[in-house]
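Q: I would like to learn how to read a folded chain, one feature at a time. Could we look at it together, beginning with a pair of residues that face each other?

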Amino acid sequence: MSQALGRVFRRTAAAACLCGAGVAAGCAPAVSTQQEVALGADYSAQINRQMPMLNDQATLNYVNQIGSQLAAIADPRGIRYHFYVVNSDVVNAFALPGGYVYLNRGLIERADNVSELAGVLAHEIGHVAERHSIEQLQRAQNANLGLNVLYGVLLGRNPSGVEQTAVQLGGGAMFAGYGRDAEREADRVGVAYLVRAGYNPNGMATFFEELLSMQQRQPSRVEQWFSTHPTTQERVNNTRAIIAQTPGAQGGNLTTDTRAFQSFRSRVASLPAPPDRRR
Ligand SMILES: [Zn+2]
């Protein structure tokens, strides 16, 4: 276990003992923002070493530009968010505590316009800003769940010995997925961030509908997304209802697409095929 994680969990374990009932009873000890960022940084460094990452600077600049714009609106703690692209055809996105957000290349290539990309980013940022990510990590740690879940979800295979050691960072099981309430909340706050940032929030709904339709056509491609972010038509309908009630959400001045997004997407599509497509 890394030092930062070890420190936080030793401290939180002691606090849980004091309150006597632990996380399950809703008295999870608070992790400070500073601790949360340290945890996220540790975890992110591990993931960046072990996952196939897309290291194309122009691609990363574009994702970071849109992501940071949303994060500045979303997270009042003022922490710096970092956005990465996993070089995989599988459609997925995930967020680590402390503002480390990952999009898979497969997801980017399936977004039709910038409002869909911004929609997914806003949803993931919502999981961090609303502290779903850190709470899930704490729950996973508390339940002492296995770490193989991380690799099952992210890579679709069991970890090798080396990977297992590296992931013993603790908390891989945070990727076991969010609950429906967390999903709904991330959608709700995501809509608000999008409107404030000037993006058409309907992109979030249309993109989730695209994922639902992919689930019928190419289930294995979107399995990771659905196992970590339970997405149903009901949730999409709920998102549409939230949009309908949000002042300014239907304004004609909101951005749905840009030329910059289309050239970004073409660039990503032209990069060498990801390892899982070559297999
Ligand atoms: Zn989610």
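A: Let us begin in the sheet of this predicted model, where Phe-94 stands opposite Tyr-102 in S3. A little further along, the bridge partner of Leu-96 in S3 is Tyr-100.

Q: How many bridges join S2 to S3, and do the strands run parallel or antiparallel?

A: S2 and S3 are joined by 4 bridges, and the two strands run antiparallel. They form a hairpin with 3 residues between them, and Gly-98, which sits in the turn, has a positive phi of about 85°.

Q: What joins S1 to S3?

A: Here the direction is parallel, with 5 bridges joining S1 to strand S3, which covers residues 100-104. Two of the facing pairs can be found from the S1 side: Phe-83 stands opposite Val-101 in S3, and Tyr-84 stands opposite Tyr-102 in S3.

Q: In what order do the strands lie in the sheet?

A: The open sheet has 3 strands in the order S1-S3-S2, and its pairing is mixed. Strand S1 (82-86) and strand S2 (93-96) are at the edges with a single partner strand each, so each has one side left without a neighbour in the sheet. From one strand to the next, the twist averages 20°.

Q: Which way do the residues of S2 and S3 point, and are they buried or exposed?

A: To read a strand, ask which way each residue points and then whether that residue is buried. In S2, Ala-93 and Ala-95 point one way while Phe-94 and Leu-96 point the other way, and all of them are buried. In S3, Tyr-100, Tyr-102 and Asn-104 point one way, with Val-101 and Leu-103 pointing the other way, and again all are buried. Because 5 of the 5 residues of S3 are buried, this strand is largely enclosed by the rest of the structure.

Q: Which helices lie across these strands?

A: Helix H2, made of residues 33-50, lies across S1, S2 and S3 and runs at about 140° to S2. Helix H3, made of residues 57-74, lies across S1 and S3 and runs at about 135° to S1.

Q: Why do residues a few places apart in a helix point the same way?

A: An α-helix has 3.6 residues a turn, so residues three or four places apart point the same way. With that idea in mind, look at helix H11 (residues 219-228), whose buried residues are Val-222, Gln-224, Trp-225 and Thr-228. Seen down the axis of H11, these buried residues fall within an arc of 130°, so they line one face of the helix. The face turned away from the buried side of H11 carries the exposed residues Pro-219 and Ser-220.

Q: What do the buried residues of H10 pack against?

A: Helix H10 has 16 residues, 202-217, and reaches 23 Å from its first C-alpha to its last, close to the 22 Å expected at 1.5 Å a residue. Its buried residues are Asn-202, Gly-203, Met-204, Ala-205, Phe-207 and Phe-208, and they pack against helix H5 (114-129), helix H9 (180-197) and helix H12 (233-245).

Q: How many helices and strands does the protein chain have?

A: The secondary structure of the protein chain comes to 14 helices and 3 strands, and of its 279 residues, 43% count as buried. Among contacts with a separation of 6 or more, 74% are between residues 24 or more positions apart.

Technical notes. Residues are numbered from 1 along each chain as its sequence is written. This is a predicted model: local features need pLDDT of at least 70, side-chain atom pairs count only at pLDDT 80 or more; totals for chains, interfaces and linings use all residues. Two strands pair if DSSP finds at least two bridges between them. Axes are lines fitted to C-alpha atoms, for helices over the stretch in contact, and angles run from 0 to 180 degrees between N-to-C directions. Two residues are in contact if their C-beta atoms, placed from the backbone, lie within 7 Å. A residue is buried if 20 or more other C-beta atoms lie within 10 Å of its own, exposed if 12 or fewer, and partly exposed in between; C-beta atoms are placed from the backbone. The arc is that of the directions from the helix axis to the C-beta atoms. The expected span of a helix is 1.5 Å times one less than its number of residues.
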